[in-house]
Amino acid sequence: MSKGKKKELYIVIFLLMMSLISMLVDLDLIVPLKTINISDDRINEIMLYIFSVQASVAILGIALLALLSEGSKEKKYGIYISDYIMNKRPYIFKHKYIIIFQLCLILFGYLFLLFEWLNLLVASLVISITLTILMTFSIFDLFIDRKTIHKNIKNYCIYHFDCPPTNKLLENKIQILEGLNNELISLSNENKILQLQESFSLYVEIFKILISKNSEEDILLFEKYFANGSKALLLTQDSNVISEVLKNIIQLYQLHNNTENNKIDKLRLFYEIDEHIYKSLSSVNERVLLDENILLYLHKEIYLNEKNASQKNKSDENIVSRYANNIYFHLLMDNIITEKNQNSEFIIYMKKRLYQTIFFHKIENEMQLNEVLNYTKLLIDKSEINVLEETLIKNIRDNREDTKYNLTYFFKVMIYFYYIIEKENISDAYFIEIKENISTLIHNNRTIISAYLEEIDSTDFDFLQLITDIDTSSFSWEYFPDNGEAKWMMYSSVCKEFIVFYILSKNWDKDKITSELEKIINNNSFSYYNSYLGNNKIKTKESYRKFCQNFYYNHGLQGDENMLEEKIEILQSALNDIYRNQIIEKGNQIPTTIEDENNFRQHITEKVKAGLSYIMSPFEKNMSDYKSSKDVVIYRENIRLDLLNEYTEIDTYAIISFVTKLIDVIRESLLIDSVKRDDNTMLDIFLNLIENLGFQVDTLIGYRDFFFNFNKENEFNNFEMGIQHKIKFKGGQNLLFALDHSKLFLDVCNLDISLNNPNTEEILNKLDKNDEGQFLFHETNDIFLPFEKEQLINHLNKTQRELVIAIDFNYKTLGDKIGVVLDTNKR
């Protein structure tokens with residue numbers, strides 16, 4: 001409880017005790033120790049006199065109230081001084097209560113007079129005089145000690161934020177903050193900077209209390225009202241006012257950042273007003289920005305705030321990453337700078353200063369890295385060549401910090417340079433200018449860049465993580481023309497190419513290059529091989545030549561064809577080794593077991609049996625009297641064990657093969673012709689063959705069920721409708737086989753499906769060799785990788801099996817000709 005409240009309570013207690021004793025004496029309930037002898041004829045006179053004095057004192061209180069209310073219309077910290085003195089400061093003796101009570105005392109005094117209660121009448125006089133004295137002291141505070149009253153109002157405001165929260169206190173807090181905001185706006189309109197500073201100082205004092213109490217609810221309330229007031233002030237376009245707002249924002253962030261054990265992870269004030277701050281900067285006097293370093297200190301504090309929050313893993317967004325970019329766009333672009341800031345030296349200085357502000361000589365974390373990358377990209381996109389010379393290039397020349405973040409920054413910028421000058425070919429005039437300017441910048445500073453590339457130690461640098469980062473953010477680094485034309489997204493592939501070329505340029509040792517490439521290739525060997533070798537090998541050589549010309553000085557690779565060729569051969573050899581080793585490793589890890597192979601064999605057996613049963617159902621008859629036998633292999637192929645579950649069409653191929661073998665076996669009993677698949681006369685030929693049989697066929701095998709726009713289409717459709725047995729199967733569209741089923745007898749005796757080790761010698765005999773005598777094995781697409789003989793044999797035995805499907809069947813044909821065949825596989 002405050003001293004003022006205690007004092008008022010003591011006065012109340014005293015007055016109540018005095019009134020109670022007076023009443024008891026008047027009622028003869030107690031006898032005073034000493035009495036004053038007054039004659040009866042004078043008592044009434046004295047009481048009437050006391051009553052008139054008491055009434056006059058009460059009326060005097062009303063007069064004092066009128067004097068006090070007229071004596072000041074002044075506000076301090078958004079509170080009227082008269083309101084504070086009369087209403088807010090007193091805990092009990094609020095002036096409105098005093099006046100009402102004084103008027104009631106006149107009525108009570110009259111009653112005391114009637115009942116001749118002298119002591120109570122005297123008590124009411126004392127009370128009136130006491131209350132009037134209290135009001136009189138208010139007059140003294142108002143007209144004598146203005147500084148003290150200002151200080152008291154300030155303490156009054158602070159007190160409300162230092163108390164345990166209640167609903168009433170919350171209302172008072174809101175009133176105080178609203179009043180303070182109104183005063184700030186009023187003072188800014190009147191350009192009263194000193195008073196404005198005083199009012200801001202109250203905001204700071206309140207914030208100190210809230211920070212010490214770690215009250216998240218109160219801080220959110222504070223931020224809301226401070227932000228609202230700051231927004232209004234930032235719109236004034238008054239340099240002094242805006243600078244005061246920025247200084248106080250800095251001070252609040254300093255308090256927050258320097259408070260130990262702060263439970264409020266992040267001050268979000270800047271989030272509420274950042275756009276207003278950026279837009280107001282062009283109104284701030286440039287000397288203020290330069291001499292007081294407001295932008296530097298503001299950046300420092302919000303950076304620390306975000307950094308501290310991110311260390312607690314609770315930073316949901318990073319408002320610092322675009323800080324420098326926003327300053328650039330709102331303050332430093334020539335087309336929006338106000339007349340008073342058209343100082344080219346100031347503009348150039350600030351552009352450099354922004355870079356220096358966020359770089360800190362050494363990049364310490366991801367947040368700082370993102371910010372300096374964003375700003376550097378902006379300088380590049382705006383062709384700020386002079387600024388880049390004084391910032392980026394100077395940093396590359398002077399800074400040899402091989403930290404993770406510094407290297408990430410350097411490589412990302414160099415990759416962007418490479419993308420602009422060599423890879424992107426947008427015809428946009430503005431981009432062409434950027435391309436020319438960056439090319440000049442790189443050419444003029446090639447010695448510096450080359451020295452850095454050759455001197456840095458990137459042995460332990462995680463290039464794979466760099467590639468992953470760029471893959472996720474490549475869209476933001478890709479350049480898009482203003483006309484909105486569609487373009488090929490290439491930035492991710494440019495990143496990989498730059499890193500591959502950098503690794504290739506570091507040394508001539510193939511084993512070291514292979515080791516470095518393995519770290520970035522991961523499991524994407526095919527992608528890298530296909531991108532840089534094979535049909536792209538010549539293109540890779542030319543790209544590598546340009547890479548060296550741009551980023552290396554006196555490297556020797558720019559024009560020496562032999563050296564370039566040797567480098568590309570090293571790259572090919574390294575990628576061959578990596579790809580081959582990954583294939584071998586993958587083969588070693590194939591989890592296929594004998595049980596898996598048996599299950600696969602059983603699965604294929606069931607499918608082939610079902611297909612054969614479907615094919616042979618019209619022809620199965622009693623053949624005990626006459627039959628011939630045939631043993632044929634209807635399918636033989638090396639299959640990969642890691643793809644067993646993907647061989648879903650083997651039964652189809654086997655069935656097609658069986659029909660083809662059957663046709664070969666009974667060829668003498670068939671009329672056969674061959675046509676091209678798209679021959680429009682196909683159906684004419686087929687129907688003519690049937691007509692030449694001299695009898696009606698009732699079975700069709702393997703035909704397409706539609707021949708749109710073929711000659712004789714309608715005749716074939718009519719013919720098909722009269723067919724009794726239609727045997728269609730997937731993959732049979734290239735075969736037209738028609739016959740009389742009663743003239744052919746078929747019976748499957750045995751079906752054998754086996755998985756054998758591959759015939760490695762047969763496979764090796766079919767392979768070419770390179771100059772070193774290694775076998776060139778075809779694993780994927782058109783890529784042939786070099787294997788040593790034993791290496792390849794071991795790989796084949798682990799990864800492949802020879803699938804053989806053999807069939808024994810009995811057959812018999814009745815008659816000279818039993819059907820026709822039209823082979824449409826002819827090309």
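Mentor: Before we start, one cut-off: a residue is buried under 20% relative accessible area, exposed over 50%, and partly exposed in between. Keep in mind, too, that this is a predicted model.

Trainee: Happy to. Why is Cys749 called partly exposed?

Mentor: Cys749 has a relative accessible area of 47%. Partly exposed is the class between 20% and 50%, so 47% puts Cys749 there.

Trainee: And Cys548, is that one buried or exposed?

Mentor: Its relative accessible area is 0%. The limit for burial is under 20%, so Cys548 is buried.

Trainee: How many disulfides does the structure hold?

Mentor: There are 0. To count, a pair of cysteine sulfur atoms would have to lie within 2.5 Å.

Trainee: Let's move to the helices. What makes α15 a helix of the expected span?

Mentor: Helix α15 covers residues 344-359, which is 16 residues. The expectation is 1.5 Å times one less than the number of residues, giving 22 Å for α15. From the first C-alpha to the last, α15 reaches 23 Å, close to that value.

Trainee: Which residues of α15 are buried?

Mentor: Phe346, Ile347, Met350, Leu354, Tyr355 and Phe359 are among them, and so is Lys351.

Trainee: A lysine! How do you know that Lys351 is buried?

Mentor: Lys351 sits in helix α15 and has 7% relative accessibility. Burial means under 20%, so at 7% Lys351 counts as buried.

Trainee: What does the side chain of Lys351 make a polar contact with?

Mentor: With the side chain of Glu384, at 2.7 Å. The cut-off for such a pair of N or O atoms is 3.5 Å, and 2.7 Å falls within it. Beyond four places in sequence, Lys351 also touches Tyr328, Leu332, Tyr375 and Val387.

Trainee: What about Thr408, buried or exposed?

Mentor: Thr408 belongs to helix α18, residues 404-423. Its relative accessibility is 9%, and the limit is under 20%, so Thr408 is buried. Among residues more than four places away in sequence, Thr408 is in contact with Leu369, Phe461 and Leu466. Thr408 and Leu466 are 58 residues apart in sequence, yet their C-alpha atoms are 7.0 Å apart.

Trainee: Now the strands. How do you know that β3 and β11 pair?

Mentor: Pairing takes at least two bridges, and 12 bridges join strand β3 (residues 628-640) to β11. The two run antiparallel. Along this pairing, Arg636 has Val804 of β11 as its bridge partner, and Asn638 stands opposite Glu802 of β11.

Trainee: Which strand pairs with β11 over 12 bridges in the antiparallel sense, with Asn750 in it?

Mentor: Strand β8, residues 744-756. There, Asn750 has Asp808 of β11 as its bridge partner.

Trainee: Why are β3 and β8 said to stand at the edges?

Mentor: The open sheet has 3 strands in the order β3-β11-β8, with antiparallel pairing. Each of β3 and β8 has a single partner strand, so one side of each is left without a neighbour in the sheet. On average, neighbouring strands of this sheet are turned by 15° against each other, direction ignored.

Trainee: Then why is β11 called largely enclosed?

Mentor: In β11 (residues 800-813), 11 of the 14 residues are buried, so the rest of the structure largely encloses this strand. Helix α28 (residues 650-665) lies across β3, β8 and β11, at about 145° to β3. Helix α32 (residues 789-799) lies across β3 and β11, at about 55° to β11.

Trainee: Last topic: what makes the phi of Ser383 worth a remark?

Mentor: Most residues other than glycine have a negative phi. Ser383 is not a glycine, yet its phi is positive, about 55°. Ser383 lies in the loop between α16 and α17, and at 17% relative accessibility, under the 20% limit, Ser383 counts as buried.

Trainee: And what is the phi of Asn522?

Mentor: Near 55°, again a positive value in a residue other than glycine. Asn522 lies in the loop between α23 and α24. With a relative accessible area of 41%, between 20% and 50%, Asn522 is partly exposed.

Note on methods
Residues are numbered from 1 along each chain as its sequence is written. This is a predicted model: local features need pLDDT of at least 70, side-chain atom pairs count only at pLDDT 80 or more; totals for chains, interfaces and linings use all residues. Side-chain values use heavy atoms; hydrogens and water are left out. Helices (H or I, at least four residues) and strands (E, at least two) are DSSP runs, numbered from the N terminus. Buried means under 20% relative accessible area, exposed over 50%, partly exposed in between (1.4 Å probe, protein chains only). Contact means heavy atoms within 4.5 Å. A polar contact is a pair of N or O atoms within 3.5 Å; within protein, one must be able to donate a hydrogen and the other to accept it, and residues adjacent in sequence count only if both atoms are side-chain atoms. Axes are lines fitted to C-alpha atoms, for helices over the stretch in contact, and angles run from 0 to 180 degrees between N-to-C directions.
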